[in-house]
Amino acid sequence: MKKILTTIFIACIISSGMAQEKQNPWGLVYDDALTENVSGAVQLRPVTYDVDGITAAANVYLPAEYDANKKYPAIVVSHPNGGVKEQVSGMFAQKLAEAGFIAIAFDARYQGASGGEPRGTDKPANRIEDIRGMIDFISGYPGVDKDRIGAFGICGGGGYTLGAAQSDKRIKAVATLSMFNTGRVRRNGYCDSQIQTIQERLAQASTARQQEAETGVTVYPPKRATPTQEEIDAMPFELYREGIFYYQTSKYAHANNGSSNPVSNMLDLMTWDATDRMPLINQPLLMIVGEKADSRYMTDEAMEKATGTVDKSIFIVPGATHIQTYYVPEYVEQEREKVVDFFQTKL
């Protein structure tokens, strides 16, 4: 097979974290993570449930003084591409629980602690169904008001959350952080840098699919050595450079984060776009993006296309890049304030 081009290569690098889990009972690696369940405080409940016959793993965060006989609004939180529930999605689920919501952060099927083979599979239809399955589960959780469910997605999880909200009206309010339109990037390249190679990359994916049909063996991109600092510095986009830091070398890396996507997944990814049906979103919409994020163009496009809702707003985090919105305290606090206020108002 011909050499897989930059889009696939970079996706693999960003999603191939190898750091050891920190010493947390639930493997949480974000700042100020829960370390134990204490009476009268926010508590974490690991859960599993089935989505189309595959086991999904998730953490449910319960507000302080949780009472199953009361009714609470609930938020489903979707992680970035390559991320897992123990990272930024779990962090925001915890912060939402601190504000009085029941929140759930999950691992997409085929990734993290969830089941599914081939590992690393990333198909838009699956990811959207993951969000629907998360709503199925949490809507029946003791204390959840099924008429007050919101959805919050980060990075790639943000794009898939937009996709879910377009059709699933159980979602009463939708928010995204550093939204990443996976379909557009896989098709056009990051910042539309690979438009000239679309057909070549589709041919590579088609060849991989045929090879899988003939051999029964999943085709993945070639494994690459961890890039040197010089190679990292030479990368053209800050998202790629900072992604390596967050997912591979920082204290926020997790042993489960990331895995290469089968090459044949590109057949599904390259023909999907998070914004194709944006006018179907008629729910309140909040999109948060870093001022200096080179991914900002994707949020701007989605907001422009969101013509089906009169209740939409964008919050630009001053000075922040894409990955920095995940962990820099001053940025996270601004984002927390906006997201909590949004869901408290809209739900």
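What follows is a walk through the fold of a single chain, from its overall shape down to a few individual residues. The model is a predicted one.

Taken as a whole, the chain holds 11 helices and eight strands. Its C-alpha trace spans about 60 × 45 × 40 Å along the principal axes. For 347 residues, a compact globule would be expected to have a radius of gyration near 20 Å, and the chain's 19 Å agrees with that. Buried residues account for 59% of the 347. The chain exposes about 13,800 Å², with carbon and sulfur atoms supplying 49% of that area. As for how the chain is wired together, 75% of the contacts between residues at least 6 apart in sequence join residues at least 24 apart.

The eight strands make up an open sheet with mixed pairing, and reading across it gives the order E1-E2-E4-E3-E5-E6-E7-E8. Strand E1 (43-51) and strand E8 (312-317) sit at the edges, each pairing on one side only. From one strand to the next, the twist averages 20°.

At the E1 end, E1 and strand E2 (residues 54-62) run antiparallel and share nine bridges. Tyrosine 49 faces alanine 56 of E2 across this pairing. The hairpin that these two strands form has two residues between them, and aspartate 52 there adopts a positive phi near 50°.

Further into the sheet comes E3, and here things get well covered: seven of its seven residues are buried. In a regular strand, side chains alternate between the two faces of the sheet. E3 shows two such sets, with Tyr72, Ala74, Val76 and Ser78 pointing one way and Pro73, Ile75 and Val77 the other, all of them buried. E3 has a parallel partner in E5, joined to it by six bridges, and tyrosine 72 stands opposite valine 144 of E5. E4 also runs parallel to E3, this time over four bridges, with alanine 74 opposite isoleucine 102 of E4.

Alanine 151 gives a close-up of strand E5, where it lies. Its relative accessibility is 0%, so alanine 151 counts as buried. Leaving out residues up to four places away in sequence, alanine 151 touches Ile75, Val76, Thr161, Ile171, Ala173, Val174, Ala175 and Phe343. Arginine 224, 73 residues away along the chain, has its C-alpha atom 35 Å from that of alanine 151.

At the E8 end, strand E7 (residues 285-290) pairs with E8 in the parallel sense, over six bridges. Isoleucine 288 stands across from phenylalanine 315 in E8. Helix H11 (residues 329-346) packs on the sheet, touching strands E3, E5, E6, E7 and E8, and its direction makes about 170° with that of E6. Helix H10 (residues 296-305) has its own set of buried residues, namely Met298, Thr299, Glu301, Ala302 and Met303. Their cover includes helix H4 (156-167) and helix H5 (182-188), along with E7 and E8.

The loops have some buried residues too. Arginine 109 lies between strand E4 (102-106) and helix H3 (124-139), and because its relative accessibility is 3%, arginine 109 counts as buried. Beyond its neighbours up to four places away in sequence, arginine 109 touches Val51, Asp52, Ile54, Ser114, Gly115, Thr121, Asn126, Glu129 and Asp130. Among these contacts is Asp52, the residue with the positive phi in the E1 and E2 hairpin.

Glutamate 86 is another charged example, placed in the loop between E3 and helix H2 (88-98). At 5% relative accessibility, glutamate 86 is counted as buried. Its side chain makes a polar contact of 3.0 Å with that of lysine 85. Setting aside neighbours within four places in sequence, glutamate 86 is in contact with Trp26, Gly27, Leu28, Val29, Tyr30, Asp107 and His254.

Alanine 253 belongs to the loop between helix H8 (238-249) and helix H9 (266-269). With a relative accessible area of 0%, alanine 253 is buried. Threonine 35 is 218 residues away from alanine 253 in sequence, and the distance between their C-alpha atoms is 17 Å.

Terms used: Residues are numbered from 1 along each chain as its sequence is written. This is a predicted model: local features need pLDDT of at least 70, side-chain atom pairs count only at pLDDT 80 or more; totals for chains, interfaces and linings use all residues. Side-chain values use heavy atoms; hydrogens and water are left out. Buried means under 20% relative accessible area, exposed over 50%, partly exposed in between (1.4 Å probe, protein chains only). Contact means heavy atoms within 4.5 Å. Two strands pair if DSSP finds at least two bridges between them. Axes are lines fitted to C-alpha atoms, for helices over the stretch in contact, and angles run from 0 to 180 degrees between N-to-C directions. A polar contact is a pair of N or O atoms within 3.5 Å; within protein, one must be able to donate a hydrogen and the other to accept it, and residues adjacent in sequence count only if both atoms are side-chain atoms. The radius of gyration is taken over C-alpha atoms; the globule rule is 2.2 Å times the number of residues to the power 0.38. Accessible areas come from the Shrake-Rupley method with a 1.4 Å probe; for residues, only the protein chains shown count as cover.
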